[in-house]
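Here is a short tour of one protein chain, written for someone new to reading structures. Keep the 3D view open and follow along as we go.

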Amino acid sequence: MDKTDPDYAPFDFVAARQRMVDAQVRPSQVNNPVVIAAMRALPRELAVPESLRAFAYSDNNLPLGEGRYLTEPRVTARMLQVAEVTQGERVLVVGAGTGYLAALLGNMDMGLEVFALESETRLADIGRALCFTWAPAVHWREGALVRGDAADAPFDLIFIDGAVKEVPPALAEQLRDGGRIIAPICRDSGVTSVCRVLRTPQGSAAQPLFDVAVPLLPELEPAPAFVF
């Protein structure tokens with residue numbers, strides 16, 4: 001609508017954000033008050049390109065380009081809740097994209113040390129701009145997602161913000177003893193579930209928590225097997 005039109009009214013992002021929490025997040029069994037407060041406060045519209053801002057609070061995965069998506073709000077909220085974040089933890093977000101999940105963690109007022117790892121510079125630039133104002137303590141790193149962030153390891157908690165077929169071994173190796181990974185994992189059945197992944201002496205063990213429809217992170221898709 002033309003802004004000079006007398007009937008023009010700017011989009012009310014604040015009201016949309018409250019509707020998102022009340023109509024999408026809370027009905028999805030999210031009752032952690034710290035998560036709820038962070039999602040009510042953080043302007044999600046700043047985590048998407050300007051052309052998509054009117055859709056920022058819809059219950060969809062929003063395309064960001066390069067095969068990447070901003071995960072739908074209720075899934076992000078449930079991932080935060082099942083992670084059972086505790087005071088003062090060191091947290092890594094892999095595939096941080098435009099910074100929404102990292103900024104939420106930075107707004108949870110729990111003394112977290114948050115690191116955001118992203119390989120796409122364009123997305124990282126959006127994320128840095130969001131965090132500059134809303135979560136200035138978040139540390140941004142650019143590099144290959146499959147390698148994680150060894151320089152800042154170990155971490156108490158690692159999020160993968162996008163679906164994977166399997167968790168890269170490097171990420172499990174960057175966990176502190178007793179740490180965990182929260183990630184959507186697409187199993188051989190084709191069902192994707194957010195899982196809690198723990199490192200064990202025998203390797204990584206994944207516990208499915210709830211099913212989701214989250215696109216795969218292209219960079220972390222396994223290479224096609226060579227067939228003779």
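Let's begin in the largest nonpolar core, which has 54 residues; M39, L105 and F159 are the ones that touch the most other members. Keep in mind that you're looking at a predicted model.

Click on F159 and see what surrounds it. Leaving out residues up to four places away in sequence, F159 touches M79, L80, A83, V91, L92, V93, V94, L101, L105 and I182. There's another core too, lying apart from this one: it has 19 residues, including L145, I185, C195 and L217.

Now for the strands. How much of β7 is covered? Strand β7 spans residues 175-186, and 9 of its 12 residues are buried, so to speak tucked away from the outside. On one side, β7 runs parallel to strand β6 (residues 155-160), and 4 bridges join the two. If you want one of those spots to look at, L157 has R180 in β7 as its bridge partner.

β7 also pairs with strand β8 (residues 192-200), this time in the antiparallel sense, over 7 bridges. Here I182 has R196 in β8 as its bridge partner, and I182 is one of the residues that F159 touches. The hairpin of β7 and β8 has 5 residues between the strands, and G190 takes a positive phi near 95 degrees there.

Next, the aromatic rings. The count comes to 2 aromatic pairs, and here they are side by side:

| Pair | Distance between ring centres | Angle between planes | Type |
|---|---|---|---|
| F11 and F13 | 4.9 Å | 55 degrees | tilted |
| F115 and F155 | 5.6 Å | 70 degrees | edge-to-face |

Why is the F115 and F155 pair called edge-to-face? Its planes are at 70 degrees, and the label applies over 60. The F11 and F13 planes are at 55 degrees, so that pair counts as tilted.

Are these rings buried or exposed? F11 is partly exposed at 42% relative accessibility, and F13 is partly exposed at 23%. F115, on the other hand, is buried with a relative accessible area of 2%, and F155 is buried at 0%. That pair links distant parts of the chain: F115 sits in strand β4 (residues 113-118) and F155 in strand β6, 40 residues apart.

Finally, look for charges over rings. The charged end of R44 sits over the ring of Y100, 4.8 Å from its centre. R78 lies over the face of F210, at 4.0 Å from the ring centre.

Terms used
Residues are numbered from 1 along each chain as its sequence is written. This is a predicted model: local features need pLDDT of at least 70, side-chain atom pairs count only at pLDDT 80 or more; totals for chains, interfaces and linings use all residues. Side-chain values use heavy atoms; hydrogens and water are left out. Buried means under 20% relative accessible area, exposed over 50%, partly exposed in between (1.4 Å probe, protein chains only). Two strands pair if DSSP finds at least two bridges between them. A nonpolar core is a set of buried Ala, Val, Leu, Ile, Met, Phe, Trp, Tyr and Cys residues joined through side-chain atoms within 4.5 Å. Contact means heavy atoms within 4.5 Å. Rings of Phe, Tyr and Trp (its six-membered ring) pair if their centres lie within 6.5 Å; planes under 30 degrees apart count as stacked, over 60 as edge-to-face and the rest as tilted. A charge sits over a ring if NZ of Lys or CZ of Arg is within 6 Å of the ring centre and within 35 degrees of the ring normal.
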